[in-house]
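Biologist: I am new to this structure and would like to be walked through it step by step. Could you show me the sequence and the model before we begin?

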Amino acid sequence: MEERLLQQLKRGVLEMLVLGLVSEAPTYGYELLSKLKERSGGLFVLKEGTLYPILYRLEDDGLIEASWSAGEGRTAPKKIYTVTADGREGLKTQQRIWRGFSAAVERFLEGENEDEHE
């Protein structure tokens with residue numbers, strides 16, 4: 001049950017986290033996977049099959065753009081993702097909604113703890 005709840009919570013926030021990382025600097029898929037894992041202390045360890053559909057949705061929604069970098073030497077070209085102006089606004093909206101949502105959940109949990117002490 002814990003794993004299922006954790007997966008549901010992750011699914012609800014992944015697009016916002018990916019958009020947030022892309023908004024910090026142009027980046028590519030493997031770099032996003034690494035940053036998600038590192039910043040979350042290992043909580044967000046994704047497979048490419050999870051990340052790329054998120055990137056495609058963000059691109060389809062006009063929140064990010066993709067372009068190919070020229071490979072240098074023996075390095076292969078990489079698809080680089082960059083946030084758009086709509087993406088920056090969308091991220092602000094998502095973050096505002098998330099903060100309100102998480103604050104409401106915290107209030108609920110605090111009230112639950114108070115009920116236990118009565």
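**A walk through the model**

Modeller: This is a predicted model, and we can start at G62, which is placed in the loop between α3 and β2.

Biologist: Is G62 buried, partly exposed or exposed?

Modeller: A residue counts as buried under 20% relative accessible area and as exposed over 50%. The relative accessible area of G62 is 29%, so G62 is partly exposed.

Biologist: Which residues does G62 touch, leaving out those up to four places away in sequence?

Modeller: G62 comes just after α3 and takes a positive phi of about 80 degrees. With residues up to four places away in sequence not counted, G62 touches T84, D86 and G87.

Biologist: How far apart in space are G62 and K37, C-alpha to C-alpha?

Modeller: Along the sequence, G62 and K37 are 25 residues apart. In space, from C-alpha to C-alpha, the separation of G62 and K37 is 25 Å.

Biologist: What distance separates the end C-alpha atoms of helix α3, and what span should its 13 residues have?

Modeller: Helix α3 covers residues 48-60, and the expected span is 1.5 Å times one less than the number of residues. For the 13 residues of α3 this should give 18 Å, which agrees with the distance between its end C-alpha atoms, 18 Å.

Biologist: Why do the buried residues of α3 lie on the same side of the helix?

Modeller: The buried residues of α3 are L51, I54, L55 and L58. They are on the same side of α3 because the arc they cover around the axis is only 100 degrees.

Biologist: Which elements do the buried residues of α3 pack against?

Modeller: The face of α3 turned away from its buried side carries the exposed residues G49 and D60. The buried residues of α3, for their part, pack against α1 (2-24), α2 (29-39), β2 (64-68) and β3 (79-83).

Biologist: Turning to α2, which of its residues are exposed on the side away from the buried ones?

Modeller: G29, L32, L33 and L36 are the buried residues in α2. They cover an arc of only 100 degrees around the axis, which puts them on the same side of α2. These buried residues pack against α1, β1 (27-28), α3 and β3, while the exposed residues on the other side of α2 are Y30, E38 and R39.

Biologist: Which residue with a positive phi follows α2?

Modeller: The phi in question is near 65 degrees. The residue that follows α2 with this positive phi is G41.

Biologist: Is L19 buried or exposed, and which residues does L19 touch?

Modeller: L19 is placed in helix α1, and at 0% relative accessibility L19 counts as buried. Not counting residues up to four places away in sequence, L19 touches L58, L63, I64, V83, G87, G90, L91 and Q94.

Biologist: Which element gives the most to the lining of the largest pocket?

Modeller: About 160 Å³ of space lies in the largest pocket, and its lining consists of Q7, K10, R11, L14, E15, V45, L46, T50, I54 and R57. Both α1 and α3 supply at least two residues each to this lining. The element that gives the most, with five residues, is α1.

Biologist: How many nonpolar, polar and charged residues are in the lining of the largest pocket?

Modeller: Among the lining residues is I54, which is also one of the buried residues of α3. Sorted by class, the lining of the largest pocket has four nonpolar, two polar and four charged residues.

Note on methods: Residues numbered from 1 in each chain as written. Predicted model: local features only at pLDDT ≥ 70, side-chain atom pairs only at ≥ 80, totals over all residues. Heavy atoms only, no water. Helix = DSSP H or I, 4+ residues; strand = E, 2+ residues; numbered from the N terminus. Buried < 20%, exposed > 50% of the residue type's maximum accessible area, 1.4 Å probe, protein only. Arc of directions from axis to C-beta. Contact = heavy atoms within 4.5 Å. 1 Å grid on protein atoms, 1.4 Å probe; cavity = no way out; pocket = protein on both sides within 12 Å on 5 of 7 lines; lining within 4 Å. Points joined across faces, edges and corners; volume = space filled by probe spheres on them. Nonpolar A, V, L, I, M, F, W, Y, C, P; charged D, E, K, R; others polar.
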